[in-house]
Amino acid sequence: TSMRTAPSGQHLPQGIGNRAMVTLIGCLLMLQAVSTDVYLASLPGLTRTFAVSIATAQLTLSLWVAAFGVMQLVAGPMSDRYGRRHVLTGGLALYTAASVGCALAPTIELLIAARLLQAIGCCAVVVVARAIVRDVYDTRAGAHALAQASTVLAIGPILGPVLGSFLEVRFGHRAVFLVLALYAAVLLATTLAKLAETNRRLDPAATRPRALAGNYRRVLRSSEFRAYTLVACASYGGLFAFISG
């Protein structure tokens with residue numbers, strides 16, 4: 001892939017500028033936020049639509065988060081082996097199809113299954129978006145790019161609940177998932193049109209069990225990783241306490 005190096009520590013693919021790259025990364029990262037925030041207002045309505053308990057309806061969220069977490073162990077190595085663009089576009093395509101499946105699901109069981117597929121696609125998108133930052137920026141420029149992307153990412157938690165509430169009241173939960181499908185489809189089209197491959201060193205051994213086990217051991221030995229993981233756990237603990245309330 002043709003790359004260009006800028007004095008600011010950027011190694012951007014040809015055909016996309018820094019501002020467009022930062023905006024795209026922010027929108028890709030925002031997919032995780034909108035997948036939960038836009039959908040939250042529909043949780044009570046699911047109990048009436050499918051005649052199930054609130055605990056059953058909440059499985060569409062708790063299992064989503066579980067699948068997202070587990071998929072992180074796979075998505076990164078896959079993008080190291082096969083390339084960022086393939087995994088990213090595959091994740092967006094799966095997310096789009098799964099979101100349509102959520103909208104059309106006639107039972108709560110099928111909705112939960114579609115949400116699991118949605119989580120797998122979303123995780124691939126978010127993991128690859130972060131990996132792209134590492135590919136195209138050095139440490140200092142990457143921190144600056146992520147800070148800028150976070151301003152885009154913040155739109156999801158701010159507007160998501162308002163949009164989700166409006167859609168739920170006016171059209172029901174199926175409209176929520178169709179809007180999520182549309183958002184992912186736009187991201188997929190933009191990625192196909194604008195983003196070239198950024199991983200210049202594909203690793204054929206990245207998905208081999210022995211290599212994966214060695215990488216996981218090194219990560220688990222890191223005190224920094226354990227500290228950041230505790231912070232993330234506390235964040236999601238607060239989110240679930242809010243949802244339960």
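**Helices, a nonpolar patch and two cysteines**

Helix α4 has 21 residues and reaches 30 Å from its first C-alpha to its last, close to the 30 Å expected at 1.5 Å a residue. That expected span is 1.5 Å times one less than the number of residues, and helices here are DSSP runs (H or I, at least four residues) numbered from the N terminus. Keep in mind that this is a predicted model: local features need pLDDT of at least 70, side-chain atom pairs count only at pLDDT 80 or more, and totals for chains, interfaces and linings use all residues. Residues are numbered from 1 along each chain as its sequence is written, and side-chain values use heavy atoms, with hydrogens and water left out.

**Helix α4**
- Among the buried residues of α4 (under 20% relative accessible area, 1.4 Å probe, protein chains only) are Arg84, Leu88, Thr89, Leu92, Tyr95 and Cys102.
- The cover over α4's buried residues includes α1, α3, α5 and α8, where contact means heavy atoms within 4.5 Å.

**Helix α8**
- Helix α8 takes in residues 173–194, and its 22 residues should span 32 Å at 1.5 Å a residue; the end C-alpha atoms are 32 Å apart, which agrees.
- Its buried residues include His173, Phe177, Leu180, Leu187, Leu188 and Thr191.
- Those buried α8 residues get cover from elements including α1 (18–37), α2 (43–49), α4 (84–104), α5 (108–136) and α7 (155–170).
- Take threonine 191, which sits in α8: it counts as buried because its relative accessible area is 0%.
- Skipping its neighbours within four places in sequence, threonine 191 touches Leu24, Leu28, Arg85, Leu88, Thr89 and Leu92.

**Nonpolar surface patch**
- Val70, Leu73, Val74, Tyr216, Val219, Leu220 and Phe225 make up a nonpolar patch on the surface, together offering about 590 Å² of accessible area.
- For a patch like this, residues need over 30% relative accessible area and no salt bridge, with nonpolar side chains (Val, Leu, Ile, Met, Phe, Trp, Tyr) joined within 5 Å; a salt bridge is a side-chain nitrogen of Lys or Arg within 4 Å of a carboxyl oxygen of Asp or Glu.
- The areas come from the Shrake-Rupley method with a 1.4 Å probe.
- Helices α3 (54–82) and α9 (209–220) each supply at least two of the patch residues.
- Leucine 73 belongs to α3, and its 46% relative accessibility makes it partly exposed (between 20% and 50%).

**Cysteines**
- No disulfides (cysteine sulfur atoms within 2.5 Å) turn up anywhere in the structure.
- Cysteine 122 is in no disulfide, with the nearest cysteine sulfur, that of cysteine 123, 7.4 Å away.
- Cysteine 122 is buried, at 0% relative accessibility, and cysteine 123 is buried at 0% too.

Notes: Patch = residues over 30% accessible without salt bridge, like charges linked within 9 Å, V, L, I, M, F, W, Y side chains within 5 Å.
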